[in-house]
Amino acid sequence: MQKKWWHGKVAYQIYPKSFRDTNGDGIGDLRGIIEKLDYLKDLGVDIVWISPCFCSPLADQGYDISDYYNIDPRFGTMEDMDELLAEAKKRDMYIVLDLVVNHCSDEHEWFQKALADPDGPYGKYFYIEECKDGKLPCNWRSYFGGPVWEQIPGTDKYYLHVFHKKQPDLNWENPKVRQEIYKMINWWLDKGVAGFRIDAIINIKKALPFKDYPVDREDGLSSIHYMLEDAQGVLDFLHEMSDNTFKPHNAFSVGEVFNEKPDELPDFIGDNGCFSTMFDFNETIFGGSAKGWYDSQVITPDDYKRCCFESQRKIADIGFLSNIIENHDEPRGVSRYIPEGDCCEASKKMLGTISFMLKGLPFLYQGQELGMENLTFASIDEVNDISTLDEYQVALKAGLSPKEALKAVNRLSRDNARTPFQWDASENAGFTSGTPWLRINPNYTQINAAEQMSREDSVFNYYKKLTALRKNPQYADTIVCGNLEPVWEDRHNLMAFYRRGEAQTLLVIANYQKEPQTVTLDAPYKNVVLNNLKQLDTDGTTLHLAGYQAVILEM
């Protein structure tokens, strides 16, 4: 594996709407990010991925872009973006933007021209089909529920949207569309952006011609995943995009890739892959059900361990994964991966230790470094997320009561990660002087950045130790490039693995339960590199681990 400039870095995702509001309108903005760059630098962050801040009607919170070349006034101006790029550069930090090119907004100029003349050149920028007697071209279900086809008013033509109806899919089969996209990517890279997180990119290749797949719910529709398994040739598009944009700029790219085929991994993230890295979603997709969120399985510590090790084995020496605990599309990781009732600072630090010590690039999501937790929504009326609203209806149709349906979607709602950042214990958690766009978690008076930055044993300061350890010359080669070797895999609620470098071996041990466990080492250890508790109880080569204790040992 060839060494790249980003291998030893630490990345951080910002959801701008919820990060920091500087003008009192209740919505976070670019100036808020500029204001907090020193906070991120202090945490040890190098790469900052900013979720969409382009012009958008926000049908899907900015993932429906109406103008790729401009900043939405809600978030600021292009001058703010230029200042952010310049200020980040001063701090040796890199700004990464979201690349949303499977679809655009129905308010984008291209789609408006397509609506005006569906048979004209811009009609070919999208998938527009004539449907006699309302017979749709296929029975695919959109990610947000309902059919993927929406009628163009006053016609018998329909357009394809695999997400929201306000997110028409771009036709990647049209070379003119691809060239427009590459032109836009290069415009941003020339401006000084370091790269992109690539959204929902596996969807750009459709299995054509359109056809039906097995019906899997009472709505008579089929999961779009059947189509994605059938689609061939997405890598041709992705390599062309990389060759025309990322590679000439030596840019960083991280793919949101689902449904990849095992033999395609080298093409995605190998030395000549189309992306620098791709996210590991093995843990996030665990327990999913075709019936809906309400039927999903709760992940256990042993499930989590298996998911992590499966991904590490799959990737082997092919390339780098990007390891996450949470993001803007998932609930809070500490509420999801720590057994109910066991959320505490020790268990939160343990989870962070595991994530940072896996082979790959660690991605923090805003608030993860504080151990921010899920918010319990008291009513579906408090929910903003379109995916949660759809899953709530799915649960009701399955026979759950409104109370049961709300409880089911609360656990997995994307709004859990979108509640405003908890900066301090003042009104509105220091996020805004106005009315926040989404309800703030009432635990902000206990969990907030100001309190944790001032306390040495906080979750925040523990994450600082993890980021510093990754960059420590004494251990960096082993942590960044060393092989990962699982150990004691059959031990219940224990997750342990070696990281083996050329001249050094580290052993990571995490007691993934509240009860103590004892572990006997094969040989004595040299020293304790990091410990999430104040002390380690040892008896020679026997370790007596307290509940949720995680240690990194040099062997």
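This report walks through three helices, some empty spaces and two single residues of a predicted model.

**Three helices**

Let's start with helix lengths, set side by side.

| Helix | Residues | Number of residues | Expected span | Distance between end C-alpha atoms |
|---|---|---|---|---|
| α5 | 175-191 | 17 | 24 Å | 24 Å |
| α12 | 345-357 | 13 | 18 Å | 18 Å |
| α13 | 386-397 | 12 | 16 Å | 17 Å |

The reasoning behind the table is simple: at 1.5 Å a residue, the 12 residues of α13 should span 16 Å, and the 17 Å between its end C-alpha atoms agrees with that. For α12, the 18 Å expected from 13 residues agrees with the 18 Å between its ends. With α5, the reach from first C-alpha to last is close to the expected value.

Now for what happens at the ends of these helices. Asn-174 sits at the start of α5, where one of its side-chain oxygens reaches to within 2.9 Å of the backbone nitrogen of Lys-176. After α5 comes Gly-192, with a positive phi near 125 degrees. On α13, the N-terminal cap is Asp-385, which places a side-chain oxygen 3.3 Å from the backbone nitrogen of Ser-387. Gly-399 follows α13, and its phi is positive too, near 105 degrees.

How much of α12 is covered? Mostly covered is the answer, with 12 of its 13 residues buried. Among them are Lys-348 and Lys-349, along with Met-350, Leu-351, Ile-354, Phe-356 and Met-357. The buried set also includes Ala-346, Ser-347, Gly-352, Thr-353 and Ser-355.

In α5, the buried residues are Val-177, Arg-178, Ile-181, Tyr-182, Met-184, Ile-185, Asn-186, Trp-188 and Leu-189. For α13, the buried list runs Ile-386, Ser-387, Thr-388, Asp-390, Glu-391, Tyr-392, Val-394 and Ala-395. Part of what covers those α13 residues is α14 (402-412).

**A pocket beside α13**

Helix α13 turns up again in the second largest pocket, where it supplies 4 residues, the largest share of the lining. This pocket has a volume of about 410 Å³. Its lining counts 15 residues, and those closest to the centre are Arg-217, Glu-218, Asp-219, Val-394 and Lys-397. Val-394, by the way, is one of the buried residues of α13. By type, the lining divides into 8 charged, 4 nonpolar and 3 polar residues.

**Closed spaces**

Rolling a probe the size of a water molecule over the atoms shows where empty space is left. Across the whole structure, a search turns up 4 cavities of 30 Å³ or more.

The largest cavity has a volume of about 80 Å³. What lines the largest cavity? The list is Ile-202, Lys-205, Leu-228, Ala-231, Gln-232, Gly-233, Val-234, Asn-259, Lys-261 and Glu-264. That lining is a mix of 4 nonpolar, 3 polar and 3 charged residues.

The second largest cavity comes in at about 50 Å³. Around it are Tyr-15, Pro-16, Lys-17, Ser-51, Pro-52, Leu-58, Gln-61 and Phe-75. Here the split is 5 nonpolar, 2 polar and 1 charged.

**Two residues up close**

Asn-139 belongs to the loop between β6 (128-130) and β7 (140-141). Is Asn-139 buried or exposed? Its relative accessibility is 9%, so it counts as buried, the cut-off being under 20%. A polar atom of the Asn-139 side chain lies 2.8 Å from the backbone oxygen of Tyr-213. Leaving out residues up to four places away in sequence, Asn-139 touches Lys-211, Asp-212, Tyr-213, Val-215, Gly-220, Leu-221 and Ser-222.

Glu-35 is found in helix α1 (residues 30-35). Its relative accessible area is 41%, which means Glu-35 is partly exposed. Not counting neighbours within four places in sequence, the contacts of Glu-35 are Arg-20 and Thr-22. With Arg-20, the link is a side-chain to side-chain polar contact of 2.7 Å. And for a sense of distance across the model, Glu-35 and Asp-263 lie 44 Å apart, C-alpha to C-alpha, with a sequence separation of 228 residues.

Technical notes:
Residues numbered from 1 in each chain as written. Predicted model: local features only at pLDDT ≥ 70, side-chain atom pairs only at ≥ 80, totals over all residues. Heavy atoms only, no water. Helix = DSSP H or I, 4+ residues; strand = E, 2+ residues; numbered from the N terminus. Expected span 1.5 Å × (residues − 1). Buried < 20%, exposed > 50% of the residue type's maximum accessible area, 1.4 Å probe, protein only. Contact = heavy atoms within 4.5 Å. Polar contact = N/O pair within 3.5 Å; in protein donor to acceptor, adjacent residues only side chain to side chain. 1 Å grid on protein atoms, 1.4 Å probe; cavity = no way out; pocket = protein on both sides within 12 Å on 5 of 7 lines; lining within 4 Å. Points joined across faces, edges and corners; volume = space filled by probe spheres on them. Nonpolar A, V, L, I, M, F, W, Y, C, P; charged D, E, K, R; others polar.
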